[in-house]
Amino acid sequence: MSRRHAAEASLALFDGAALATVAPRYVAGVDEAGRGPLAGPVAVAAVVFCPDRPRLNGLDDSKQLTALRRDALFDKIQQRALAFHIVLVDVEEIDTLNIFQATMAGMRRAVEGVAHVAQFARIDGNKIPKGLPCPAEALVGGDALDRAIMAASILAKVSRDRYMQQLHEQHPHYGFDQHKGYGTPAHLAALRQHGPCPAHRRSFAPVRDCLAPSPALA
């Protein structure tokens, strides 16, 4: 069964036989930013565009855009979107659930935030969160293929980067403004020197290792 036919079948099961032959018009693109870093939240966004409105030019996978271009598109996406929702899943939830389950929870909340218009959700990646309020499909590499997912990736990336900039102002010795919490050599060196701050993910091994007592002191 093709992806389109599978989506239509899911819609029929979810919304009744009347939709069985109608492809969804209002599709939420969903993507995340920040699964890999050692600190800070994971950000998730959902975006729904109206197919009758002019297309927004310049969209791409957020990783392929400069920070300046992402910032410019961030405002334009919110102005042009029929609906959007951004979720920041905090470190406490990441450490409690694990990063995968926390990301899935964030995606579910993001879709819930646009459920008043979204008939369908298209998730970047190969997993679909449980408990979504509408039918969905996973699309590997969707941030390079689907315009709504591209937009979601930009909203998530910019939102997280801005959060990490604020975090840098609270904890400047880690360099969050430069590496955004990723495990760069400079970040790892700061971790070893200063130990973790409250924004670090203690369920991640490099952070956990900094909490363990030194063998020489044990």
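Start with the five strands that form an open sheet in the order β3-β2-β1-β4-β5, with mixed pairing. The model you have open is a predicted one, so treat this tour as a walk through a prediction.

**The edges of the sheet**

Select residues 83-89 for β3 and 136-139 for β5. These two strands stand at the edges, and each has a single partner strand, so one side of each is left without a neighbour in the sheet. Turn the view to look across the strands: from one strand to the next, the twist averages 20°.

**Strand β1 and its two partners**

Next, select residues 27-33, which make up β1. Is this strand mostly covered or mostly uncovered? Mostly covered: of its seven residues, six are buried.

Now add residues 120-124, strand β4. β1 and β4 run parallel and are joined by four bridges. To find one of the pairs, pick V30, whose bridge partner in β4 is I123.

For the other partner, select residues 42-48, strand β2. Here the strands run antiparallel, with six bridges joining β1 to β2. Click on A33 and you will find A43 of β2 standing opposite.

**On to β3**

Keep β2 on screen and bring back β3. This pair is antiparallel too, and seven bridges link β2 with β3. A handy pair to label is V47 and its bridge partner in β3, F84.

**Helix α5, packed on the sheet**

Select residues 147-170 to light up helix α5, which packs on the sheet and touches β1, β2, β3, β4 and β5. Its direction makes about 35° with that of β1. The helix has 24 residues and reaches 35 Å from first C-alpha to last, close to the 34 Å expected at 1.5 Å a residue.

Zoom in on the start of α5 and show side chains. A side-chain oxygen of D146 comes to within 3.0 Å of the backbone nitrogen of A148.

Then move along α5 to S153. Is S153 buried or exposed? With a relative accessible area of 2%, S153 is buried, because the cut-off for that label is under 20%. Beyond its neighbours within four places in sequence, S153 is in contact with D31, D60, D61, S62 and D143.

**Helix α2**

Select residues 67-80 for α2, a helix of 14 residues. It reaches 20 Å between its first and last C-alpha, close to the 20 Å expected at 1.5 Å a residue. Colour R70, L73, F74 and I77, the buried residues of α2. The spacing is worth a thought: an α-helix has 3.6 residues a turn, so residues three or four places apart point the same way. The cover over the buried residues of α2 includes β2, β3 and α5.

**The loop between β1 and β2**

Now look at P37, in the loop between β1 and β2. P37 counts as buried, at 0% relative accessibility. What surrounds P37, leaving aside its neighbours within four places in sequence? P37 is in contact with R160, K180, G181, Y182, R201 and F204. Draw a distance from P37 to F204: the two are 167 residues apart in sequence, yet 8.9 Å apart in space, C-alpha to C-alpha.

**Last stop: the cysteines**

Finish with C134 and C210. C134 is buried, with a relative accessible area of 7%, whereas C210 is partly exposed at 26%. How many disulfides does a search of the whole structure find? Zero.

Terms used
Residues are numbered from 1 along each chain as its sequence is written. This is a predicted model: local features need pLDDT of at least 70, side-chain atom pairs count only at pLDDT 80 or more; totals for chains, interfaces and linings use all residues. Side-chain values use heavy atoms; hydrogens and water are left out. Buried means under 20% relative accessible area, exposed over 50%, partly exposed in between (1.4 Å probe, protein chains only). Two strands pair if DSSP finds at least two bridges between them. Axes are lines fitted to C-alpha atoms, for helices over the stretch in contact, and angles run from 0 to 180 degrees between N-to-C directions. Contact means heavy atoms within 4.5 Å. The expected span of a helix is 1.5 Å times one less than its number of residues. A polar contact is a pair of N or O atoms within 3.5 Å; within protein, one must be able to donate a hydrogen and the other to accept it, and residues adjacent in sequence count only if both atoms are side-chain atoms. A disulfide is a pair of cysteine sulfur atoms within 2.5 Å.
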